[in-house]
Amino acid sequence: MMARRGFLQTALGAAASGTVACQQPSLGPGPRGRAAVAILRAASYGEDLLDRLQRGAAACGLDARGKRVLLKPNLVEFVPGAPIHTEAALLAAAVELFERLGAREITIGEGPGHRRDAWYLAEAAGYRAAIPRFEARFVDLNRDDVARVAGFADTGGIYLPRTALAADLVVSVARMKTHHWAGATLSMKNLFGVVPGALYGWPKNHLHQVGIGRSAAELYRIFPRSFAIVDGIVGMEGNGPIQGHARPCGVVVMGADLAAVDATCCRIMGIDPEKIEYLRLASSLGHVRDERIEQRGEAIAQVRTPFALMPEFQYVRLA
Amino acid sequence: MLSRVESRLTMLAAAQNGDGGWGYFPGKPSWLEPTVYALLALSEPSDSPALARGRRLVRSWELPGGGWRACAAVNEAHWATSLAVTLHSVLGIYDSSFERGVAWLTASTGAEGRPLTRLAHWLRPATVEFDPTVSGWPWQAGTSSWIEPTAHALLALRCAAARGEQAAVAGRIATGERMLLERRCRDGGWNYGNRRVLGADLPSYPETTALALMGLNGHPSIQWGDALNHVERMWRETRSPLARAWLASCLLQYRGERPGLPDAARSPDTDDILVAAVEVIAWDRILPGLNLPGSNLPGSNLPGSNLPGSNRRGSVGP
């Protein structure tokens with residue numbers, strides 16, 4: 001009896017997985033033109049990261065003069081020594097970058113997905129120590145004032161923090177990680193942290209119910225004035241985004257097209273971005289196809305660092 | 001010089017908004033969650049103007065279906081309905097709003113019990129290891145059960161049940177307790193929701209561990225001595241003021257007093273309304289202390305079963 005049940009479970013489970021793997025949403029043509037993505041080498045967090053970010057910003061033609069900028073790090077959770085969050089040194093360099101670019105206002109905002117005490121997480125991650133005037137800059141997006149934005153997948157709408165909605169530029173300062181449900185988590189999935197936990201909880205299970213891929217693509221649609229800085233100096237491989245292992249990769253990846261930045265990161269990680277659901281869903285908003293992305297700085301082949309993948313995601317491995 | 005409690009209460013009183021509520025931080029628009037916590041912290045004396053203004057705002061946020069909205073900007077029933085129900089019990093206000101709130105909570109359940117979700121779990125039981133037949137409470141309608149909203153709902157229903165238990169409420173409490181027990185992590189505490197995902201054990205968090213134990217209210221299947229020692233260890237180790245406040249509340253509930261720290265080791269003054277309120281709420285008087293196995297609690301000073309304000313039953317709603 002148990003053997004029959006086990007066989008049924010295995011067969012139906014395999015069929016379901018196969019269906020998921022085969023029935024990917026179609027890849028869109030992307031917007032007109034090409035997207036610029038800069039790849040900068042940085043072997044460690046002790047290097048001159050501001051220099052790297054300035055070169056990346058110049059390569060992408062980033063203009064932040066007079067803008068209200070929201071820097072959104074990945075601080076979903078903090079475990080000492082684990083490469084879960086955006087490193088403080090890179091976030092501090094990003095603050096300085098936008099100061100030098102003439103931003104009118106620089107706010108750091110995050111709504112951690114697992115733990116409620118955002119201020120404690122920021123302290124533990126070293127943000128307070130590394131970033132001048134951190135207390136005045138930081139907003140706990142989980143508990144910010146909210147406004148409703150109409151249209152979010154087929155749910156009618158979503159409440160989002162006013163701090164994020166008022167920003168002229170939302171900068172996703174993400175960490176390069178594999179993800180046990182989405183395959184990879186990079187600049188677009190990092191936008192989950194703007195969704196207010198005070199309404200949607202810890203975790204923000206609503207986004208999982210809508211679908212991780214759909215939610216990431218929808219948030220990208222809602223925040224078109226965005227920019228990405230991905231911390232790939234040390235990434236996370238395997239059972240990410242929390243329980244994986246450190247994977248030194250030695251790069252920072254930047255660009256104004258979040259889909260193109262994430263697609264580039266995937267290629268660096270040895271992942272086929274065209275097999276990542278959220279990138280296919282976002283492919284009408286940004287560029288995923290290799291030929292539509294103009295790589296600046298380092299070439300992908302020079303920095304490619306295959307990340308270990310969970311067994312469920314072996315099918316996304318770049319050929 | 002003000003004591004720490006007096007300092008927190010003064011800060012809370014000063015942070016009340018003109019509409020009678022509290023934001024998550026002073027000067028921010030009012031939300032239900034910080035408003036209820038602040039009112040619980042300031043519930044004595046019960047005839048204060050601040051309490052009356054707060055009660056009026058809470059009353060105005062009740063929705064026709066029995067839940068409470070999260071804030072003025074959100075017109076949907078919110079998980080903090082649990083807190084509103086607890087507030088009614090603490091103030092001894094057992095009116096029709098209270099009854100609707102209890103009914104709303106009793107009917108609310110997690111999405112993991114749905115047939116398709118159960119089928120998916122049956123096909124891939126190791127993806128997230130849990131028993132989908134025992135459901136707690138979700139953060140939001142249509143989503144799965146998680147530890148914190150389940151703990152708050154159990155506290156609310158237990159307070160409600162103290163004045164005359166209904167079968168539906170008792171059944172829902174029992175199911176919620178089973179959900180919490182079933183989701184306990186291997187390390188003895190609770191994560192925000194699950195204990196094991198994709199074959200990997202998840203670590204417990206201090207705040208959810210405290211809340212789960214508060215929600216379990218002396219459940220006989222818990223080795224309370226070990227559990228409270230674990231809570232005390234977490235309390236000494238965590239650097240999170242919010243986690244420390246919940247852990248101290250848990251110890252207050254079961255041991256009758258909050259642990260003390262030298263002033264130098266204490267959290268700095270905070271403008272976080274949740275932290276300030278949770279730190280001073282008299283949980284030992286709020287929680288009715290039903291089913292507590294007293295002999296199992298080392299050093300315990302078991303909370304009594306009297307709800308503050310229980311002699312004010314029948315008074316008007318908040």
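## A residue to start with

Which residues does B:A277 touch, leaving aside those up to four places away in sequence? They are B:L12, B:Y37, B:A38, B:L40 and B:A41. Keep B:A277 in mind, as it turns up again in the core below. One thing to know before going on: what you're looking at is a predicted model.

## The two chains in outline

Let's begin with chain A. It has 13 helices and eleven strands. Its C-alpha atoms fill a box of roughly 65 × 45 × 40 Å along the principal axes. Is that what you'd get from a compact globule, or not? A compact globule of 319 residues would have a radius of gyration near 20 Å, and chain A has 19 Å, so the two agree. In chain A, 55% of the 319 residues count as buried. Take the contacts in this chain with a separation of 6 or more: 75% of them come from residues 24 or more positions apart.

Now for chain B. Here you'll find 13 helices and four strands. Of its 318 residues, 52% are buried. For contacts with a separation of 6 or more, residues 24 or more positions apart account for 63% in chain B.

## The nonpolar core

The largest nonpolar core holds 192 residues. Which of them touch the most other members? The answer is A:A94 and B:A277, and the second of these is our opening residue. Helix α11 of chain B, residues 241–255, gives this core its largest share, with ten residues.

## A closer look at helix α2 of chain A

Helix α2 of chain A runs over residues 49–60, which makes twelve residues. From its first C-alpha to its last it reaches 16 Å, close to the 16 Å expected at 1.5 Å a residue. Its buried residues are A:L49, A:R52, A:L53, A:G56, A:A57 and A:C60. Why do they line one face of the helix? Look down the axis of α2(A): the buried residues fall within an arc of 130°, so they sit along one face.

What does that set of buried residues pack against? Its partners in chain A are the strands β1 (35–41), β9 (226–237), β10 (245–255) and β11 (293–297), along with helix α3 (88–100). Just after α2(A) comes A:G61, and this residue takes a positive phi of about 65°.

Conventions
Residues are numbered from 1 along each chain as its sequence is written. Chains are lettered from A and ligands numbered from 1 in the order in which they are written. This is a predicted model: local features need pLDDT of at least 70, side-chain atom pairs count only at pLDDT 80 or more; totals for chains, interfaces and linings use all residues. Helices (H or I, at least four residues) and strands (E, at least two) are DSSP runs, numbered from the N terminus. The radius of gyration is taken over C-alpha atoms; the globule rule is 2.2 Å times the number of residues to the power 0.38. A residue is buried if 20 or more other C-beta atoms lie within 10 Å of its own, exposed if 12 or fewer, and partly exposed in between; C-beta atoms are placed from the backbone. Two residues are in contact if their C-beta atoms, placed from the backbone, lie within 7 Å. A nonpolar core is a set of buried Ala, Val, Leu, Ile, Met, Phe, Trp, Tyr and Cys residues joined through C-beta atoms within 7 Å. The expected span of a helix is 1.5 Å times one less than its number of residues. The arc is that of the directions from the helix axis to the C-beta atoms.
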